[in-house]
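Please open the structure in your viewer and keep the selection panel at hand. The stops below can be followed in order, each with something to select and something to look for.

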Amino acid sequence: MLRLEHAWTWLAVTVGALLGVTPSASRDLSGSRPNILLLMADDFGIGDIGCYGNDTIRTPNIDRLARDGVMLTQHLAAASVCTPSRAAFLTGRYPLRSGMVSSNGYRVLQWTGVSGGLPTNETTFAKILKDRGYATGLIGKWHLGLNCESPNDHCHHPLNHGFDHFYGMPFSMMGDCIRWELSEKRAGMERKLNVCFQIMAVAALTLTAGKLTHLTSGSWTPVIWSTMAAILLFTTTYFLGDLIVHADCFLMRNHTITEQPMHFPRTTSLILKEVSSFIQRNKQTPFLLFVSFLHVHTPLITTEKFRGKSVHGLYGDNTEEMDWMLGKILDTLDTEGLANSTLVYFTSDHGGSLESRLRNNQYGGSNGIYKG
């Protein structure tokens, strides 16, 4: 969706800039290069937007983009989960070609600290625009890797993929960030650890009973080791949730961690403040700003102002808050006098998370007539 009075003219100029067309072929690019603002929702269903037919979730700012610009009706994501879809979005290539897919069931990066991510030799649109004089920024979610050989090499960091500035989560919002009932990995790991703890506890008790009743001979070493293993497993299970929050749920500004763990009631305001600051700093030069919302991924963290306001529960509340954030960002463009020189594009990384269900509650979005 484009928010421009002369959308097609600016789009032609932008394509010219991306493809390296000569100034004579696409007007004077040095004097008329548009700013580019990309807005990406997370796990957002096409059936949850007013302009695509939903009349019960309020999305006036997204609808305004559609009304004043262009609404795309045949526009497909490259994958149904975050990591491969975002890799394709940044590079324009199928995720298979960059190695950002998996056949073992783990289709997205599972931890911030894993040694994998988008290869640095991939060409992203941010690299292309940076080479053409654009200021480039990414604010929000990354989820395309961080490190390679060590915890501090940051080889997969956004700053190695063409972005001058990064503020946000190098990983992804997830239910485990608030120890939610809908868990991505904590609950499963706790179950496995608990089974191992029970096995070691039974072993320790059995060995101890055998020694005390003189049914077994030998040293107490097996008893001590099995007891220590049981204690370690129990302690790990107890603190696992806190360890995951500390390891995965934090904010960075460029290469520096600014908040670990995140204080979620203020995350929305921090994101908006960072967006406004980037636009104000770079309004005198052409810029690319990629705002990658943490909304509407579970656990649907929503500020008090929007909680309980939607007829669609927490998911609807979170959607309406994201639309409000989008409106604030557009207001910043208006205030800085950039509205008519900025190409604005809104999308989702893929469709709604239909599997995000807990008992009778649906926490993922609707894909409308598109069920895949």
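A polar contact is a pair of N or O atoms within 3.5 Å, where, within protein, one atom must be able to donate a hydrogen and the other to accept it. Please keep in mind throughout that this is a predicted model.

**First stop: a lysine and its surroundings**

Begin by selecting Lys185, which sits in the loop between strand S3 (165-169) and helix H6 (186-212). Is Lys185 buried or exposed? With a relative accessibility of 9%, Lys185 counts as buried, because the buried class takes in everything under 20%. Now add Asp248 to the selection and look at the two side chains, which are joined by a polar contact of 2.5 Å. Leaving aside residues up to four places away in sequence, Lys185 touches Gln110, Trp111, Phe171, Met174, Asp176, Ile244 and Asp248. One of these, Ile244, is 59 residues from Lys185 in sequence, while the C-alpha atoms of the two are 9.1 Å apart in space.

**Second stop: a network of charges**

Next select Asp176, Arg179, Arg186, Glu190 and Asp242, which are linked in a network of salt bridges. Within this group, Arg179 forms a salt bridge with Glu190, and the closest N and O atoms of that pair are 3.7 Å apart. Arg179 belongs to the loop between S3 and H6 whereas Glu190 belongs to helix H6, so the pair ties together parts that lie 11 residues apart in sequence. The two partners differ in their exposure: Arg179 counts as partly exposed at 38% relative accessibility, whereas Glu190, at 18%, is buried.

**Third stop: salt bridges between distant parts**

By the rule used here, the structure has 15 salt bridges. Select Arg86 and Asp349, whose salt bridge has its closest N and O atoms 3.2 Å apart. This pair links distant parts of the chain, since Arg86 is in helix H4 (residues 82-91) and Asp349 is in the loop between S7 and strand S8 (357-358), 263 residues apart. How accessible is Arg86 in relative terms? The value for Arg86 is 3%, which makes the residue buried, and Asp349 likewise counts as buried, with 2% relative accessibility.

Then move to Lys283 and Glu336, whose side chains meet in a salt bridge of 2.7 Å, N to O. Here too distant parts of the chain are linked, with Lys283 in the loop between helix H8 (267-281) and strand S6 (287-292) and Glu336 in the loop between H9 and S7, 53 residues apart. Lys283 is partly exposed, with a relative accessible area of 34%.

**Fourth stop: helices H3 and H9**

Select helix H3 (residues 60-68), in which Asn61, Ile62, Arg64, Leu65 and Ala66 are buried. Which elements do the buried residues of H3 pack against? They pack against helix H9 (313-335) and strand S7 (342-348), so showing those two elements alongside H3 completes the view. While H9 is displayed, pick out Thr332, which is found in that helix and is buried at 14% relative accessible area. Not counting residues up to four places away in sequence, Thr332 touches Ser276 and Ile279.

**Fifth stop: aromatic rings**

The structure holds 9 aromatic pairs. In the pair of Tyr238 and Phe239, the ring centres are 4.9 Å apart and the planes stand at 85°, so the pair is edge-to-face. Tyr238 is exposed, with a relative accessible area of 54%, whereas Phe239 counts as partly exposed at 41%. Compare this with Phe306 and Trp324, an aromatic pair that is tilted, with 5.5 Å from centre to centre and 50° between the planes. Phe306 lies in the loop between S6 and H9 and Trp324 in helix H9, so this pair ties together parts that are 18 residues apart in sequence. Phe306 counts as buried at 10% relative accessibility, while Trp324 is partly exposed at 26%. Finally, select Phe89, Phe125, Phe290 and Tyr345, which ring pairs link into a cluster.

**Last stop: a patch on the surface**

Switch to a surface view and select Leu212, Trp220, Ile224, Trp225 and Met228, which form a nonpolar patch with about 580 Å² of accessible area together. Which helix gives the patch its largest share? Helix H7 (residues 221-248) does, with 3 residues. Met228 lies in H7, and at 46% relative accessibility Met228 counts as partly exposed.

Conventions. Residues are numbered from 1 along each chain as its sequence is written. This is a predicted model: local features need pLDDT of at least 70, side-chain atom pairs count only at pLDDT 80 or more; totals for chains, interfaces and linings use all residues. Side-chain values use heavy atoms; hydrogens and water are left out. Patches are made of residues with over 30% relative accessible area and no salt bridge: like charges are joined within 9 Å, nonpolar side chains (Val, Leu, Ile, Met, Phe, Trp, Tyr) within 5 Å. Accessible areas come from the Shrake-Rupley method with a 1.4 Å probe; for residues, only the protein chains shown count as cover. A salt bridge is a side-chain nitrogen of Lys or Arg within 4 Å of a carboxyl oxygen of Asp or Glu. Helices (H or I, at least four residues) and strands (E, at least two) are DSSP runs, numbered from the N terminus. Buried means under 20% relative accessible area, exposed over 50%, partly exposed in between (1.4 Å probe, protein chains only). Contact means heavy atoms within 4.5 Å. Rings of Phe, Tyr and Trp (its six-membered ring) pair if their centres lie within 6.5 Å; planes under 30 degrees apart count as stacked, over 60 as edge-to-face and the rest as tilted.
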